Amino acid sequence: MKTTPRPQTCLAAALLLLLNACTGTIYLPSGDGGQDADAAVLPDGSDESADGDTSPGDQPADNGDQSGGDSDGDGLPDSWEVSAGNPDLLDPHSPDSNANGVPDAAEDYDGDGLTNIQEYAAGRLSFLGDISPPHPLRRDLLVELDCMTDRCLSAAQLADAAAAWADVMLDNPDGSAGVGLHVVLDETGLTPQRFDGSFEQRWNYFAAHGPHFDDGGSPPLPLDRFVHVLVVQIRDDLPDRGGDTVAGPGGQRERAGVFIYHDVIYNLFPACGRTSPPLWPEITPEEMATSTFVHELGHTLQLGHDTEVGGGVNPYNVMAVPQSCVEAQMRTHGVDNDDPTLGATAQVGAARFSAAAAALMDFENILSVDTDALEPTEM
Ligand SMILES: [Ca+2]
Ligand SMILES: [Ca+2]
Ligand SMILES: [Ca+2]
Ligand SMILES: [Ca+2]
Ligand SMILES: [Zn+2]
C-alpha cells in the first residue's frame with residue numbers, strides 16, 4: 001500500500017518541548033504515489049495466543065502427560081494446554097478442542113494476533129516487563145528492545161510500562177483483564193548515533209538491528225510479531241521530538257518499529273513540579289521515557305491522538321499530548337482524575353489508557369497502517 005508519511009504533530013502553544021516529548025509519527029495510506037513511503041501491513045488473522053505457564057503446581061491430576069508429552073499431537077504439550085485452564089478451548093486430548101475446524105495450535109482465542117503455537121513458542125524466552133510467558137487466553141504484546149549505550153530503559157521502567165498495559169481496560173477470555181507486555185532485551189550497547197530525520201536512515205537502522213534471540217528451536221519463535229523498539233539519541237531535524245512510530249516501506253515488517261529519543265527526554269526533564277499548592281512532584285525523565293514508550297506502543301496498535309481513535313481529548317489518557325505542565329501532570333501523575341473510564345490515574349499516580357482507547361486497540365494489525373482510523377489530527 002502506498003502511503004504518505006504524515007507526522008502526527010502536536011502543535012502546542014505553551015510547552016512545545018513537552019508536547020513533542022510524546023509525539024509519534026505514523027505513515028498513513030494515501031492515494032498518491034511518487035516519493036511516498038509504503039505502509040507496513042502485517043500478517044493478520046491467523047494468529048493465536050497460548051500461554052507458556054507449564055508450572056506443575058497449576059495442573060489438575062488427570063490431564064494427560066505432564067512430562068512434556070503431547071497426547072493429541074497438536075504441537076502443544078499437555079502441560080501447557082492444561083495450564084491454560086479451559087479444557088473447552090485447550091484440551092490435551094483433542095487437537096481441535098472447540099471442534100470448529102481450526103486446530104488448537106492455530107487458534108487465537110484472545111485475539112492478540114498471536115496463535116497458540118506462537119504463544120507457546122515465545123514461552124521459551126526470558127522477558128522483562130511482564131516476566132510471565134504469553135498466555136493463550138490473555139492478550140499479550142511482544143517487544144524487542146534495542147538501546148544505544150547508556151540509554152536503555154531500566155527493568156523498573158519496563159515494569160512500570162507493563163503495569164500500564166496490565167491496567168488496559170480489556171477483558172480476556174480467561175476472565176482476567178489487561179495486556180501482558182513482554183520485553184526481550186536484545187542489543188543494549190549500540191554505538192550512539194544521531195538521526196537526520198530521513199525515513200531511509202531509520203528504516204535501515206531497524207533492519208540492521210533485528211532480533212538476535214532466535215534460538216532456532218521448534219516451534220519457531222514468532223519474531224515477526226515483536227514490535228521493534230529502539231532507544232536512541234535524538235533526531236536533529238526535530239530536536240524536541242520524544243518518540244516516533246514508523247512503518248516500513250512496502251510493508252516491510254523488519255523496517256518498522258518505534259524510536260524513543262532518550263536524549264531529548266532527559267534534556268527536558270525533570271520538569272513541571274510545583275512547590276505551592278497544588279503541590280506537584282516533578283515529572284522525572286524516567287517517568288516521561290516510560291510514558292513515551294507506553295504511548296508509542298499504543299500507536300503500534302492503531303491508536304492516534306484524536307478522539308475517534310483513542311481519546312487524546314481527555315488529558316489523562318496516555319495517548320493524550322500534554323500541551324502544558326498542568327496537562328503533563330494530569331497525564332503522568334493523574335492529577336485530578338478519579339474517573340475509572342479515564343484510567344483513574346490519580347489512584348495510580350501514573351499514565352494509563354482510557355477505556356475508549358482500550359476499546360480501539362487493534363492487535364491483529366500491529367504496526368500496519370491500513371486503516372483510516374489513523375488519520376492524523378493536529379493538536
Ligand atoms: Ca493469542
Ligand atoms: Ca497437545
Ligand atoms: Ca489440544
Ligand atoms: Ca478450534
Ligand atoms: Zn503520539
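The following exchange asks how several descriptions of this predicted model are justified.

User: What makes R352 count as buried, and where is R352 found?

Analyst: R352 is found in the loop between α9 (345–348) and α10 (355–359). A residue is called buried if 20 or more other C-beta atoms lie within 10 Å of its own, and R352 has 27 such atoms, so R352 is buried. Leaving out residues up to four places away in sequence, R352 touches A164, D167, V318, G343 and T345. The C-alpha atoms of R352 and L342 are separated by 7.9 Å, although the two residues are 10 apart along the chain.

User: Why is F353 called buried?

Analyst: F353 also lies in the loop between α9 and α10. Its count is 30 other C-beta atoms within 10 Å, set against a threshold of 20 or more, and F353 is therefore buried. What F353 touches, not counting residues up to four places away in sequence, is V168, G298, N317, V318, M319, G343 and A358. From C-alpha to C-alpha, F353 and L342 are 7.1 Å apart in space, while 11 residues apart in sequence.

User: Why is strand β6 described as largely enclosed by the rest of the structure?

Analyst: Strand β6 covers residues 227–232, and 6 of its 6 residues are buried, so β6 is largely enclosed by the rest of the structure. V227, V229 and V231 point one way from the strand, whereas H228, L230 and V232 point the other way, and all are buried. In a regular strand the side chains alternate between the two faces of the sheet.

User: How do you know that β6 pairs with β4 and with β8?

Analyst: Two strands are said to pair if there are at least two bridges between them. Strand β4 (residues 139–147) is joined to β6 by 5 bridges, so β4 and β6 pair, and they run parallel. Strand β8 (residues 257–261) is joined to β6 by 4 bridges, so this is a pair as well, again with the strands running parallel. Individual partners can be named: L145 stands opposite V229 in β6, and L230 has F259 in β8 as its bridge partner.

User: What makes β3 and β7 the edge strands, and in what order do the strands of the open sheet come?

Analyst: The open sheet is formed by 6 strands in the order β3-β5-β4-β6-β8-β7, with mixed pairing. β3 (128–129) and β7 (243–246) are the edge strands, in that each pairs on one side only. Elsewhere in the sheet, β4 and β5 (residues 179–185) pair in the parallel sense over 7 bridges, with L181 in β5 as the bridge partner of L141. Helix α7 (residues 285–300) lies across β4, β6, β7 and β8, and runs at about 160° to β8.

User: Which residues touch the most other members of the largest nonpolar core?

Analyst: That core has 73 residues, of which V143 and V227 touch the most other members. With neighbours within four places in sequence left aside, V227 is in contact with L142, V143, G257, V258, L297, T300, I366 and L367. There is also a second, separate core of 5 residues, including A84, L90, Y109 and L137.

User: How do you know that the buried residues of α5 line one face of the helix?

Analyst: In helix α5 (residues 199–208) the buried residues are R202, W203, Y205 and F206. Seen down the helix axis, these buried residues fall within an arc of 160°, so they line one face of α5. E200, N204 and A208, on the other side of α5, are exposed. The buried residues of α5 pack against β6, β7 and β8.

User: What makes helix α8 mostly covered?

Analyst: Helix α8 spans residues 325–333, and 7 of its 9 residues are buried, which is the basis for calling the helix mostly covered. The buried residues are E327, A328, Q329, M330, R331, T332 and H333. Just after α8, G334 takes a positive phi of about 70°.

User: How many of the residues in the whole protein are buried?

Analyst: Of the 379 residues in the protein, 53% are buried. The secondary structure comes to 10 helices and 8 strands. Among contacts with a separation of 6 or more, 69% are between residues 24 or more positions apart.

Technical notes
Residues numbered from 1 in each chain as written. Chains lettered and ligands numbered in written order. Predicted model: local features only at pLDDT ≥ 70, side-chain atom pairs only at ≥ 80, totals over all residues. Helix = DSSP H or I, 4+ residues; strand = E, 2+ residues; numbered from the N terminus. Buried ≥ 20, exposed ≤ 12 C-beta atoms within 10 Å, placed from the backbone. Contact = placed C-beta atoms within 7 Å. Core = buried A, V, L, I, M, F, W, Y, C linked by C-beta atoms within 7 Å. Axes fitted to C-alpha atoms, helices over the stretch in contact; angles between N-to-C directions. Arc of directions from axis to C-beta.
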